[in-house]
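Colleague: I have a structure to go through before class. Can you take me around it?

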Amino acid sequence: MLLEIRDIHVHYGKIAALKGVSVDVDEGEIVTLIGANGAGKSTTLKTISGLRPLSSGRIVFGGRNISKVAGHKRVLMGIGQAPEGRGIFPGMTVTENLFMGAYARKGNVEKDLKEVFDLFPRLAERKDQAGGTMSGGEQQMLAIGRALMTQPKVLLLDEPSMGLAPKLIQQIFSIIQEINRRGTTVLLVEQNAQQALQIAHRAYVLETGAVVKSAPAGELLDDPQVRAAYLGGGAESAI
Amino acid sequence: MNDSSSGNPLTRVRGAYSSATDSIRDRWSGAPSWVRWLVYAVLIVLALFLPADGIGSFMSPYTDWPTLLFFPIGGYILLGIGLNVVVGQAGLLDLGYVAFFAIGGYAMAVFGVKFGWSFWEILLVGIVLSALSGIILGAPTLRLRGDYLAIVTLGFGEIVRITANNTNYIGGPNGIGGIPHPPSFSEWTIPDNGLFDALGIGGVQPFKYGALDGKPYYYLMLLVIVLAIIFVKRLENSRVGRAWASIREDEDAAELMGVPTFKFKLAAFAIGAAIGGATGVVYASQAVSIIPTNFPFILSATILAAVVLGGSGNLPGVILGSFLVAWIPERIRGLQEYRVLVFGAVLVLLMVFRPEGLLPSRRRKAELAEGSGGMGSMGAEVAGPATVAAGEVSE
């Protein structure tokens, strides 16, 4: 198992955001976490990448317990994240943003840069433009490209479809599949459950800080409960 | 970005000014390095002749110009350079910066008066002490962000001043008097002949630190400023500078890129504090006596205003801003009690006219347009003219 999350609890002050979440991610997989707003999906990702401390439980990455490792050190171990709301550096150019992805490591960066530009030709066209002046879709590409520059073993993606037009969402998701095909494990957090379940191998359903269901993604696509709650299938759908 | 073509007259003037500064900046960044060095050399030579009487009679009809150049002008510029590291580069809002100025000043006073150390030794000690106090302040508080950090630093500034006020060893409210001047290097006098007389600096002894002439102190301050600029500029263009920029623009993202954000924030605090401390030492070496009320909160606010006014993050802007903030109140001394009112009005006007500062860096402009970065951490999500609220629809 590449990444094991065992019964983690996370608190914002006194409020429990995660109440015992366990997730496994195997090498080469696309795993997705779906769930409503406030279910704890983003918090789970932030805890894995070290932006949030956990109150109990543990995170094991590549056989090593990293629960207490600082966030910036987890990057070097192979955890790359494209944060929620993209989090690109608005004042830096596209190229500078991408180089930030390689900030912590030594070695040949040009090759990785070429690979990212290969994956996102749009970024190559705009390589000298300030990140903050790009469209939402381009910023999302930049955020993913920058995370790839860290040479991640597992890529954490936090709502890559947020605020994007349907056509762009399609494009982003097919790129995620391509990244996975090239050998990077992906842990994907999405509200857009339909899309996420279509490309993922396995999925976890989160509700109010706990996993309520886990199954191969295809199964969940047909699950009546999941359809009703997250895919807009049932008449009594809450959304 | 460029909204100069339409709109009301104010917008048009702003647009014209903006494109003028943009074109200067572009030409500057495209200039070969020998041109730059030439400009630096010319600027330093000009600064050497700045205290001349002819310039002074226009710039400062009410106060002794060389003394004014030393402090507040030179002092504010040095403080501005230091605070810019913290606010402009790392994007941390520090409202208690005066504390480090005070620590430097008191270091000079205590070690000079009670231990008889010389200025140069104390300069070193003062820098180390204030850097350490920056780390002591930063270590527990830099986990806070934005407004919360601002409040804690504000408290720190007050704690230092009030502690000085209540500590008998350092004179309490009466402060410390009889602070020694720096030892004189030489009695060498600039020849009193036609050329130097015409330039207005004939007969000056630039390396003799006495009680009367302000010019030698100005040259001392100038030397420290130039060294600080070189130091800060080198940092800005290094890995450290890149790390600071990323922290300023998005701290979480910086951590996700493998930037040890806490360490770099602490470094920014320590370096900013060190420059503040150096200013304090130099200031006290001329002032003869210092008292706690030399270090009020309003000085922190004024330096911050200078940094923001000039263009936070951009060194020429910060220097210009500090100069204006120090000089304008002295220049309009003739207005007597209306002085502060006019000064405030000028600051308000300048900020209406140039919300991003007089000489902002290009990067800062992009950050402001995005409504994030540096000043975003003030809790004010400043929406730039071209910003449409990002389409982050949650449902």
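What follows is a short chat about a sheet, a few helices and a contact between chains.

Colleague: What kind of model is this?

Modeller: This is a predicted model.

Colleague: Let's start with the sheet in chain A. In what order do the strands come?

Modeller: The order in chain A is S2-S1-S4-S5, four strands in an open sheet with antiparallel pairing. S2 (15–25) and S5 of chain A are the edge strands, each pairing on one side only.

Colleague: How many bridges join S1(A) to S2(A)?

Modeller: Eight, and the two strands run antiparallel. Leu3(A), for instance, has Val25(A) in S2(A) as its bridge partner.

Colleague: Which helix packs on that sheet?

Modeller: Helix H1 of chain A, residues 41–49. H1 touches S1, S2 and S4 of chain A, and its direction makes about 70° with that of S2(A).

Colleague: And how many bridges join S1(A) to S4(A)?

Modeller: Five bridges join S1 (residues 3–12) to S4 (residues 56–61) of chain A, and these strands are antiparallel. Glu4(A) stands opposite Val60(A) in S4(A).

Colleague: What do S4(A) and S5(A) form?

Modeller: A hairpin, with two residues between the strands. Gly62(A), in the turn, has a positive phi of about 55°. Two bridges join S4(A) to S5(A), which covers residues 64–65, and Phe61(A) stands opposite Arg64(A).

Colleague: Change of topic. How many residues does H7 of chain A have?

Modeller: H7(A), residues 166–181, has 16 residues. From first C-alpha to last it reaches 23 Å, close to the 22 Å expected at 1.5 Å a residue. Just after H7(A), Gly183(A) takes a positive phi of about 110°.

Colleague: Over to chain B. At what angle do the axes of H10(B) and H12(B) cross?

Modeller: At roughly 105°, with the axes coming within 10 Å. H10(B) and H12(B) are therefore roughly perpendicular to each other.

Colleague: Which residues meet there?

Modeller: From H10(B), Val240(B), Ala243(B), Trp244(B) and Ile247(B); from H12(B), Thr261(B), Phe264(B), Lys265(B), Ala267(B) and Ala268(B). The residues of this contact divide into seven nonpolar, one polar and one charged.

Colleague: Last one. How many residues of chain B are in contact with chain A?

Modeller: 26 residues of chain B, in contact with 26 residues of chain A. On the chain B side, helices H10 (239–249), H11 (251–256) and H16 (362–370) each supply at least two residues. H16(B) gives the most, with six.

Colleague: How do the residues on that side of chain B divide?

Modeller: Into ten nonpolar, seven polar and nine charged.

Definitions and conventions
Residues are numbered from 1 along each chain as its sequence is written. Chains are lettered from A and ligands numbered from 1 in the order in which they are written. This is a predicted model: local features need pLDDT of at least 70, side-chain atom pairs count only at pLDDT 80 or more; totals for chains, interfaces and linings use all residues. Two residues are in contact if their C-beta atoms, placed from the backbone, lie within 7 Å. Ala, Val, Leu, Ile, Met, Phe, Trp, Tyr, Cys and Pro count as nonpolar, Asp, Glu, Lys and Arg as charged, and the others, Gly among them, as polar. Two strands pair if DSSP finds at least two bridges between them. Axes are lines fitted to C-alpha atoms, for helices over the stretch in contact, and angles run from 0 to 180 degrees between N-to-C directions. Angles under 35 degrees count as roughly parallel, over 145 as roughly antiparallel, 65 to 115 as roughly perpendicular and the rest as oblique. The expected span of a helix is 1.5 Å times one less than its number of residues.
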